[in-house]
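Student: I would like to learn how to read a ligand site and a set of metal sites from coordinates. Where do we start?

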Amino acid sequence: MTRFADLHLHTYHSDGTRSPREVVDLARDRGLEIIAISDHDNIAAYFEIKQHADERGVTLIPATELSCAYRGVDVHILAYAFDPLNERIEPALRRFREVRHRRGYEIVERLNALGYAISADRVDQLAAGGAMGRPHVARALVERGYVSSVNEAFDRFLGPGKPGYVEKARFSIEEALSLIHGAHGVLSIAHPSHYPDKEQTVIDLLDTGIDAVEVFHPDVPDDDRERFTNIAKFRGRFVTGGSDDHGAAKTVETIGTIRVPEALIETIVSRTLEHLG
Ligand code: AMP
Ligand code: ZN
Ligand code: FE
Ligand code: FE
C-alpha cells in the first residue's frame, strides 16, 4: 500500500492555530500516514506529539522551516529528518526565536506610536510561547478591529516597506546547510514559486547544496511544478511537498489537499528511521 505524506504543516508553536495533536489526528483522518510539522524556528511539536503519532500509525518526520537570506531575498528552507537531539539544533533555533520575540515587540511599539493600541502582552499570548511572527501581530490588529483580516494587516502594516515592517535576522544558506547537514538532515526549497527570478533561484540554491524542491504546494502552479521537478531530477535531487497548513490562519482548508506518494520522499523517511534506530 502506498502511503501518502504532507511535509509542510504549522501549529501554535509557530504561526499556525492548531495544536500538534489536532494536526496529527486531522492528517490521519484524511489519509496521510507520513507528516512533518515544520514550525518556523521550532521543533517543540515533534517532542510533544511523537508518541501520539506512533500510536496513531503516523510516521512523524523531524522538521522546521528556516527563514534564510539569499541575495537580499527572504527564502524559506524546509529542514527534514535531522537528528532532533543534535546538540546544535535547539540553541540555533532558540536564538532565532529570541530575535523574533524582540522584533515582535518592536513592531508593536511602532504600531502603538502610530496610534494603533495593540498590546505586546496580547501578541505574546497569541504566540503562546512559540516562534512569534507577524501573523500574531496581524491577529491582534484584527481583534482590535483595526483591520478586517490578517491579509489586510500584511497589506497595510506588516509587509515589506509598510509602517510596521521590521526586518528579522535570518539564516544564511551556508549556516542552514552546516546546521542541518551536520545533524544528518536534508533541506528543501519551500514554496519555490514565491521568489523573484524563481527558476534561476531554484537552480542556484540546488547548486549551493540544497537537496530538494517543494514542488507540491498550494502556491506552486502546474507549469512551475513540472519545470522545478525537471530541474531537480536533472541534478540528481528530489522533490517534496506539503500543504503549508496554518489552521484557521488561512481561509481555505488545506490539510489533505497535498498528498505526496512515499516513494518520492523515501530519502526523508529512511533518514528519519535511522535516527530512531
Ligand atoms: P514572519 O515569519 O514573522 O516574517 O512572518 C511571515 C509569515 O507570515 C509567513 O511564513 C506566512 O505564514 C505569513 N504571511 C506572509 N504574508 C502573509 C499574508 N499576506 N497574509 C497572511 N499571512 C502571511
Ligand atoms: Zn507561517
Ligand atoms: Fe514559508
Ligand atoms: Fe510554512
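**Ligand and metal sites**

Tutor: Ligand 1 sits in the largest pocket. Keep in mind that the model is predicted.

Student: Which residues come nearest to ligand 1?

Tutor: There are 13 residues around ligand 1, and Arg100, Arg103, Arg134, Lys168 and His246 come nearest.

Student: Which polar side-chain atoms lie by an oxygen atom of ligand 1?

Tutor: For a polar contact, look for a pair of N or O atoms within 3.5 Å. In Arg100, a polar side-chain atom is 3.1 Å from an oxygen atom of ligand 1. For His246, the distance from a side-chain N or O atom to a ligand 1 oxygen is 3.2 Å. His40 places a polar side-chain atom 3.4 Å from an oxygen atom of ligand 1. On its own, ligand 1 has 500 Å² of accessible area, and the protein covers 74% of that.

Student: What are the protein donors of the zinc ion (ligand 2)?

Tutor: Read a metal site by listing the donor atoms and their distances. The zinc ion (ligand 2) has two OD entries from Asp15, together with NE2 of His40 and NE2 of His246, at 2.1 to 2.5 Å. The sequence spacing of these donor residues is D-x24-H-x205-H. His40 and His246 also appeared in the list of polar atoms by ligand 1.

Student: Which residues coordinate the iron ion (ligand 3)?

Tutor: Glu65 (OE), His76 (ND1) and His191 (NE2) coordinate the iron ion (ligand 3) at 2.0 to 2.2 Å. Their spacing in sequence is E-x10-H-x114-H. Between this iron ion (ligand 3) and the zinc ion (ligand 2) there are 5.5 Å.

Student: What are the donors of the iron ion (ligand 4)?

Tutor: Its protein donors are His8 (NE2), His10 (NE2), Glu65 (OE) and Asp244 (OD), at 2.1 to 2.3 Å. Glu65 is thus listed for the iron ion (ligand 3) and for the iron ion (ligand 4). The donor spacing for ligand 4 reads H-x1-H-x54-E-x178-D. From the iron ion (ligand 4) to the zinc ion (ligand 2) the separation is 4.3 Å.

Student: Are His8 and His10 buried or exposed?

Tutor: Both His8 and His10 are buried.

Student: Why is the site of the iron ion (ligand 4) irregular?

Tutor: Four donors count as tetrahedral if all angles lie between 85 and 135 degrees. Here the angles among the four donor atoms run from 74 to 160°, and the site is irregular.

Key. Residues are numbered from 1 along each chain as its sequence is written. Chains are lettered from A and ligands numbered from 1 in the order in which they are written. This is a predicted model: local features need pLDDT of at least 70, side-chain atom pairs count only at pLDDT 80 or more; totals for chains, interfaces and linings use all residues. Side-chain values use heavy atoms; hydrogens and water are left out. Donors are N, O and S atoms within 2.8 Å of the metal (3.2 Å for Na, K and Ca); water is not among the atoms, so sites may look incomplete. Four donors count as tetrahedral if all angles lie between 85 and 135 degrees; four count as square planar and six as octahedral if opposite donors are over 155 degrees apart and all others between 65 and 115; anything else is irregular. Buried means under 20% relative accessible area, exposed over 50%, partly exposed in between (1.4 Å probe, protein chains only). A residue is near a molecule or strand if one of its heavy atoms lies within 4 Å of it. A polar contact is a pair of N or O atoms within 3.5 Å; within protein, one must be able to donate a hydrogen and the other to accept it, and residues adjacent in sequence count only if both atoms are side-chain atoms. Accessible areas come from the Shrake-Rupley method with a 1.4 Å probe; for residues, only the protein chains shown count as cover. On a 1 Å grid over the protein atoms alone, a cavity is a set of points where a 1.4 Å probe fits but cannot get out, and a pocket is an open set with protein on both sides within 12 Å along at least five of seven lines; lining residues have an atom within 4 Å of a point. A molecule sits in a cavity or pocket if more than half of its atoms lie within 2 Å of its grid points.
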